[in-house]
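Colleague: I'd like to learn how to read a ligand site and a sheet. Could you walk me through one?

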Amino acid sequence: MSNAETPVARDLFIGGSYRSAASGKRFETRDPATGELLAEVAEAGFEDLDAAVKAARTAVEGGPWAQMTPRQRGKVLFRAADLLMSRVDEFARIETRDNGKPIFESAKIDMPACAEALAYFGGYADKVYGRTLPSGTGSFLFTLREPVGVVGAITPWNFPLLQAMWKIAPALACGNAVILKPASLTPLTALLFAELLSQAGLPPGAFNVVPGPGEVIGQAMAEHPGIDKITFTGETETGKKILRAAAGTVKRVSMELGGKSPNIVFADADLEAAARGAFNGIFYGKGEVCAAGSRLLVEKSVHEALMEKLVERAKKAVPADPLDPKTRLGSLVSEKQRDTVSKYVERGVTEGARLVAGGHKRDVGGKGAFFEATVFDGVSPDMEIAREEIFGPVLATLEFGSVDEAISLGNRVRYGLAAAVWTRDIKKALRVAREIQAGTVWVNTYNFYDPGLPFGGYKQSGFGRERGEEAMHEYTQVKSVWTDLG
Ligand code: NDP
């Protein structure tokens, strides 16, 4: 691998321009596939956050952003979508180098999905309707759907720009200002995107980026009286901390948290398609995907046949250079994440699960945080690998004998983000879809998303929805107006 590029300095983005942190502090971001230093990023502190809040408040309280019509706001997002697609290779390369994900995913999936989100919500900007109420002749009653004000967005490292976009696009479309704190491991595309939004015509202060340690700057955002709402994607335990921190100012919050999603294969399924779906469900995005199908539940009678197909695929999925367009399994995001994954695998073996594919750390050219596509069979529901979110390319396979058992196993975790069911029987598919406690259920497919289809969790996978009309409700508040005409 020869990916060497000169490391750069990246600054905070506040009030429409880049600036160093008031403290002068910087932190490093590295390519996990090579260990190379990519950038030294300005580390926001409290003073910087205050400046970002001030800029954002000005933008929404009488500033040029507040004065734009909804349609003009929509056009900014349309232009941003076009600009992003005109620079797709540049953004994709930076995303891949910062995160370790295959360039195929960054260039062909993540960046186009970012542009789609911008265009989708750009179209919504002038369609955020209130209602009029039937109220007789003596009065006129109506509602207005207004922006919540300043939105603090805290995002994870797995889909760095895309996770942010699912917050930025609807929040801006509704007329809010956004302060984004990207994950410390992957801050680069968000910082670059800030400039692109300005080029698209977004006025100063409407979008600000303040990278820095979550426990400091993320916590401060959750507590800040000048921020009206926190939208968070990340780990369930971090979500709990944010909820506590936001309580002091009774802030609105929405939470997209972890998952341990069941991928349920019945004996009457198309097994070839199900094996492909099980593979993509867990190994797409290196398994660092909140909705990953990390629990494969297979009906007894087809267990052996399905595993044969799946294991064959897994053994062929060799981790490789993320910048190679043919690569489908990149580097995990960091050595630390790889160690976490590795410990779970050891624990699975100790607890008596059968390792049937992968299970080991890998390198490419002597470098990188790569991990093999790993499949466990013979997993029982109480094992750690069946209960906890591993957030890596590790699949736990369990067996069931009836529809009731499949549903009960599927629901037997604290999470409820996603699920899939594979069957040719529509009644069975719809029964499972109804009875599984998950925010998204796929039938005979896995890992497909649409900007119009709401996404979010049941149970400890969070609350609130991203995408679709539901997302617009997350970023607006309702005002009721009673007009006396008597
Ligand atoms: P974390 O929860 O560790 O971090 C997410 C973000 O929160 C980061 O920006 C982080 O900053 C910040 N943060 C950390 N601690 C605090 C705090 N005390 N207060 C405020 N902000 C804080 O998650 P990961 O980045 O490790 O992402 C992986 C997790 O995210 C997985 O559990 C996964 O399931 C979940 N996830 C959920 C998704 C969903 O849609 N439901 C989608 C994607 C991921 P810093 O980087 O500086 O630590």
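Modeller: Gladly, starting with polar contacts, which are pairs of N or O atoms within 3.5 Å. Here an N or O atom in the side chain of K181 lies 3.0 Å from an oxygen atom of the ligand. This is a predicted model, in which local features need pLDDT of at least 70 and side-chain atom pairs count only at pLDDT 80 or more, while totals for chains, interfaces and linings use all residues. Residues are numbered from 1 along each chain as its sequence is written, and side-chain values use heavy atoms, leaving out hydrogens and water.

Colleague: Which polar backbone atom is 2.4 Å from a nitrogen atom of the ligand?

Modeller: One belonging to L257. T238 contributes a polar side-chain atom, 2.7 Å from a ligand oxygen atom.

Colleague: How much of the ligand does the protein bury?

Modeller: Accessible area comes from the Shrake-Rupley method with a 1.4 Å probe. Taken alone, the ligand exposes 890 Å², and 90% of that is buried by the protein.

Colleague: How many residues surround the ligand?

Modeller: A residue counts if one of its heavy atoms lies within 4 Å of the ligand. The shell has 31 residues, with S184, T238, L257, C290 and E389 the closest.

Colleague: Which helix supplies the largest share of that shell?

Modeller: Helices (H or I, at least four residues) and strands (E, at least two) are DSSP runs, numbered from the N terminus. The largest share, four residues, comes from α8. At least two shell residues each come from α8 (214-223), β11 (229-233) and α9 (236-247).

Colleague: And the sheet: in what order do its three strands lie?

Modeller: Two strands pair if DSSP finds at least two bridges between them. The order is β6-β7-β25, in an open sheet with antiparallel pairing. Its edge strands, β6 (132-133) and β25 (476-484), each pair on one side only.

Colleague: How many bridges join β7 to β25?

Modeller: Nine, with β7 covering residues 139-147 and running antiparallel to β25. To find the register, look at R145, which stands opposite V478 in β25.

Conventions
Polar contact = N/O pair within 3.5 Å; in protein donor to acceptor, adjacent residues only side chain to side chain.
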